[in-house]
Structures are given as C-alpha cells and as structure tokens.
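Subject: Structure handover

Hello,

Here is the structure I promised to pass on. Please open it first, then read the notes below.

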Amino acid sequence: MEGQDEVSAREQHFHSQVRESTICFLLFAVLYIVSYFIIRRYKRKSDEQEDEDAIVNRISLFLSTFTLAVSAGAVLLLPFSIISNEILLSFPQNYYIQWLNGSLIHGLWNLASLFSNLCLFVLMPFAFFFLESEGFAGLKKGIRARILETLVMLVLLALLILGIVWVASALVDKDAASMESLYDLWEFYLPYLYSCISLMGCLLLLLCTPVGLSRMFTVMGQLLVKPTILEDLDEQIYIITLEEEALQRRLNGLSSSVEYNIMELEQELENVKTLKTKLERRKKASAWERNLVYPAVMVLLLIETSISVLLVACNILCLLVDETAMPKGTRGPGIGNASLSAFGFVGAALEIILIFYLMVSSVVGFYSLRLFGSFIPKKGDTTMTKIIGNCVSILVLSSALPVMSRTLGITRFDLLGDFGRFNWLGNFYIVLSYNLLFAIVTTLCLVRKFTSAVREELFKALGLHKLHLSDTSRDSETSKPSANGHHKAL
C-alpha cells in the first residue's frame with residue numbers, strides 16, 4: 001500500500017507540474033503575441049529588407065518582443081497573485097479552480113525573476129551589440145562574424161560589471177566572507193546584481209511616479225473632450241481655417257530655394273491642421289461626452305492619487321510602530337489562507353487598480369522627463385535601437401513595480417521568489433526614507449500642478465514673467481494652443 005501511495009503521489013506531482021507548465025506557457029504565449037503586435041506597430045517599416053541586416057533586425061525584434069512580454073508578466077504578477085488569493089479564499093473547494101494554487105503562484109514569481117535576469121543581463125545586451133556589430137577586421141563579413149563580435153563584447157561587459165560589483169561589495173562590506181561569496185556566480189552574484197538593479201529601478205520609479213501622477217491630468221485632458229464653457233467653437237474653427245489658408249498661400253508663394261522657411265511653415269501648417277481636427281472633434285462630441293466623462297475622469301484621477309498618498313502616509317506610521325510592516329519582515333499566512341485587506345475582495349480590487357495606476361503613471365512620468373524624452377516611440381518610425389532602449393527601460397520599471405508597491409504599503413502581499421530576498425528591503429532607514437520621499441515629492445508635484453495657473457498670473461501681475469521664474473513655460477501645454485483654441489500669436 002505504501003508503494004502504491006508513493007506512486008500515486010509521484011503521478012499527482014507529475015500531472016501538477018505538467019499542468020502548471022502548460023498554464024505558464026499559455027499565459028506567456030498570449031503576452032508574447034500582444035507584445036509582438038505592439039512592437040510591430042512602432043517599428044520603422046524601412047528596416048524590413050531582405051539582406052543580412054534584415055536577419056539581424058528580425059532576431060533583435062524577437063528578443064525585444066520576449067523582453068516586453070516578460071515586462072508585461074512582471075506588471076501582472078502582483079495583481080494576479082492578489083486576485084488568486086481572494087479567489088482561493090472565497091472558493092476553497094471548487095473543482096474548476098484546482099489549477100490555481102500556491103505552487104503555481106510561486107512558480108510564476110520564480111519564472112518572472114529568472115526571465116528578468118535573463119533579459120536584462122543576456123538577451124538585451126546581445127540584441128544591442130548584435131545590431132551594432134559589423135564583424136572584426138580581417139574576418140569574412142557575415143552573420144557568424146557579427147555573432148563572434150557580439151559574444152566577445154558580452155564577455156568583456158560581464159567582466160567589467162563583475163569587477164565593478166566586486167569592488168563595490170568590498171567597499172560597502174569589508175567582510176572577507178562576503179567578498180569570497182561573489183565567486184559564487186549563481187547563488188550570490190546574480191541575485192546581488194539583480195538586487196542593485198532593483199534598487200535602481202525603485203529609485204527611478206521614485207523619480208518618475210510622482211511626475212507621472214501630476215502629468216496624468218494633462219494627458220487625460222488631451223485625450224478627452226473638455227467641456228465647452230463660454231466658448232464659441234464655430235468662431236474658433238473659422239479663425240483656424242483662415243490661418244490655415246493664409247499659411248497655405250504663403251507656402252505656395254515661397255520659392256523652393258528657401259528650404260528653412262518652407263520647413264518652418266510646413267511644421268506650423270501641420271500644427272494648425274492638428275488643432276483644427278481637435279476643434280472639429282470637440283464640436284462633434286455629444287453633450288454627455290463633453291460635460292460628464294471629462295469631469296468624472298478628472299475626479300477619479302484625483303481620488304486615486306489621494307488614496308495612494310494616504311496609503312503611503314499610513315504605511316509610514318505602521319513602519320514606526322510595527323516591524324512587521326517592513327517588506328522583508330515576517331511571512332504572512334500563505335496564499336489562500338487569509339485576506340490581505342481588511343475590506344476583503346473590494347480592498348483587493350482597490351489595490352490592483354492602484355498598482356496599475358502607479359505603473360501607468362510611472363511610464364507617463366518616465367517619458368515626461370527631459371532625460372528620457374528622446375525615448376518616446378513614434379508609430380511606424382522607431383528604430384530597433386530605440387525599441388531595445390524602451391524595452392530595457394520598461395523591464396526595469398516593471399520589475400521594480402512589485403517591490404515598490406510592497407515598500408509603499410499599497411499591498412500587504414509578501415514578495416515571493418528572488419523579489420523578497422533583496423537585502424536593502426530589510427533596512428529600516430532606506431524603506432522609511434523611500435516612503436517619506438515618495439509622499440513629499442508626490443505632494444509637491446500635485447501642488448505645483450494645480451497652482452501653476454495662479455503662479456503664472458501672479459508673475460504676470462508683478463512683471464516677473466519676463467525673468468522666466470515660472471516653470472509653466474516648460475510644460476507641454478504651453479507649447480500647444482491655449483484653452484480657448486487660439487494660438488498664442490493670435
């Protein structure tokens with residue numbers, strides 16, 4: 001009987017492993033297909049030739065798609081775990097959700113950590129160097145020569161990073177045991193290096209997310225139709241039409257030798273046509289879309305941002321009085337044993353919404369920074385080098401999202417796999433400083449956003465607007481037409 005029980009247990013373990021592997025493969029296949037269509041939408045069409053460069057571009061495209069799929073999986077990892085915990089808690093004995101268990105969740109976290117390391121340290125550097133390689137001088141040109149050069153560059157890069165991390169570890173921790181442990185490549189070096197990358201990603205999120213939270217109001221205002229209060233859209237469309245005709249006449253009257261003026265007028269004409277299209281869209285919009293959707297979305301954004309700041313403030317208080325609030329504190333009851341929120345399923349749904357909101361805000365804030373403004377992809381006109389840079393940036397942000405969400409107290413779900421082994425998560429001062437900086441910077445960004453118009457009017461009243469003391473001129477809104485639809489020149 002014992003032998004039969006042992007065989008039955010092995011069969012069950014085998015079937016569970018096959019089932020979990022199949023589920024992981026299907027989930028990743030869906031993410032890969034979606035990522036492929038997203039990259040194809042932005043990839044430059046002129047790169048599609050049938051030669052050696054085309055093969056290199058195709059390989060780089062597949063590697064970038066794999067990286068973007070891993071990034072999407074890292075974003076969905078924490079929300080999927082939270083909703084799975086609530087489902088298992090609500091339906092513990094349901095036959096149709098037997099596949100959803102703690103083993104599957106732990107496996108997904110381990111795979112996300114493994115693939116993130118693989119993409120960050122191997123695939124993306126390989127794709128970049130492979131794209132830029134030409135082959136060593138004296139060797140026959142071709143794919144093999146480019147692969148050889150790429151592998152040599154990867155080895156040199158690995159040695160460089162290994163030396164930097166080894167020296168940094170020796171400076172931070174002078175214990176001989178810690179320096180010797182760096183010789184263990186798999187057990188210590190890669191997790192330690194990924195911990196450093198995760199810390200850098202969290203610091204990048206700390207910079208991008210507050211900026212994105214304030215920029216979300218501007219972005220949504222550009223996407224939605226604003227209410228027409230004390231505005232005459234017909235008059236604005238008439239004025240813009242006259243300006244378009246005037247620019248067209250000036251453009252037709254210029255000779256082809258004046259290239260600079262022609263390019264400047266063409267750009268101005270394109271801006272006028274874009275503004276005219278927006279005004280016509282506002283005119284065609286229904287009253288419900290103008291007067292209900294826009295205020296509702298703005299109020300919803302304000303509520304989500306306020307809840308995020310309040311949760312961070314509560315987490316700061318919990319950190320001061322309860323050591324279990326640390327991200328690397330005591331382990332919870334496990335998946336499917338207890339709800340992570342005091343409000344049950346509603347609280348879990350709110351946590352998921354806030355996590356997605358923070359991720360979208362961080363991406364918006366990332367592309368709003370001047371340093372990364374050139375990374376913005378353009379539809380059908382983005383080079384593979386820029387696509388690789390975007391994929392690496394999104395991977396760093398998405399990999400740090402679960403860590404940031406747990407550090408800020410947005411969720412109480414324990415970090416699994418290598419995500420919960422980062423040493424800096426157990427440092428009280430780092431975690432507390434991170435929460436304080438996030439709350440302060442987010443509040444300052446929101447105050448600056450909502451008081452920009454008042455500050456601009458005060459500067460104008462005091463005659464200080466010529467000194468450019470206000471930052472509002474840098475905002476993208478000022479480069480666009482004013483709220484009444486007129487250009488500044490008009």
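Start with one helix pair: α2 and α11 are roughly parallel to each other, a label for angles under 35 degrees; over 145 counts as roughly antiparallel, 65 to 115 as roughly perpendicular and the rest as oblique. The angle between α2 and α11 is about 15°, and their axes lie 9 Å apart. Axes are lines fitted to C-alpha atoms, for helices over the stretch in contact, and angles run from 0 to 180 degrees between N-to-C directions.

Before more detail, a word on the source. This is a predicted model, in which local features need pLDDT of at least 70 and side-chain atom pairs count only at pLDDT 80 or more, while totals for chains, interfaces and linings use all residues. Residues are numbered from 1 along each chain as its sequence is written, and side-chain values use heavy atoms, with hydrogens and water left out.

**The whole protein**

The protein has 13 helices and zero strands. Both are DSSP runs numbered from the N terminus: helices are H or I with at least four residues, strands E with at least two. Of the 490 residues, 40% count as buried. Buried means under 20% relative accessible area, exposed over 50%, and partly exposed in between (1.4 Å probe, protein chains only). The protein exposes about 27,800 Å², and carbon and sulfur atoms supply 66% of that area. The areas come from the Shrake-Rupley method with a 1.4 Å probe; for residues, only the protein chains shown count as cover. Take the contacts with a separation of 6 or more: 79% of them join residues 24 or more positions apart. Contact means heavy atoms within 4.5 Å.

**α2 with α11**

Back to the opening pair. α2 passes α11 in a left-handed crossing. That term applies if the near helix is turned anticlockwise from the far one by less than a right angle; clockwise makes it right-handed. On the α2 side, the contact includes N57, S60, L61 and S64. On the α11 side, M384, I387, I388 and C391 are among the residues met. By class, this contact of α2 with α11 has 14 nonpolar, eight polar and no charged residues. Ala, Val, Leu, Ile, Met, Phe, Trp, Tyr, Cys and Pro count as nonpolar, Asp, Glu, Lys and Arg as charged, and the others, Gly among them, as polar.

Look at S71 too. S71 sits in helix α2 (residues 52-90). S71 is buried, at a relative accessible area of 1%. Not counting residues up to four places away in sequence, S71 touches C391, I394, L395 and S398.

T65 is also found in helix α2. T65 is buried, with a relative accessible area of 0%. Outside its neighbours within four places in sequence, T65 contacts Y32, S35, Y36 and I39.

**α10 with α11**

Helix α10 (residues 345-368) packs on helix α11 (residues 384-407) at an angle of about 140°, with the axes 11 Å apart. That makes α10 oblique to α11. The crossing is right-handed. From α10, the contact includes I355, L358 and M359; from α11, N390, S393 and I394 are among the partners. The contact of α10 with α11 holds nine nonpolar, five polar and no charged residues.

**One more spot**

I240 lies in helix α7 (residues 233-253). I240 counts as buried, at 1% relative accessibility. I240 and L275 are 35 residues apart in sequence, yet 7.9 Å apart in space, C-alpha to C-alpha.

Best wishes
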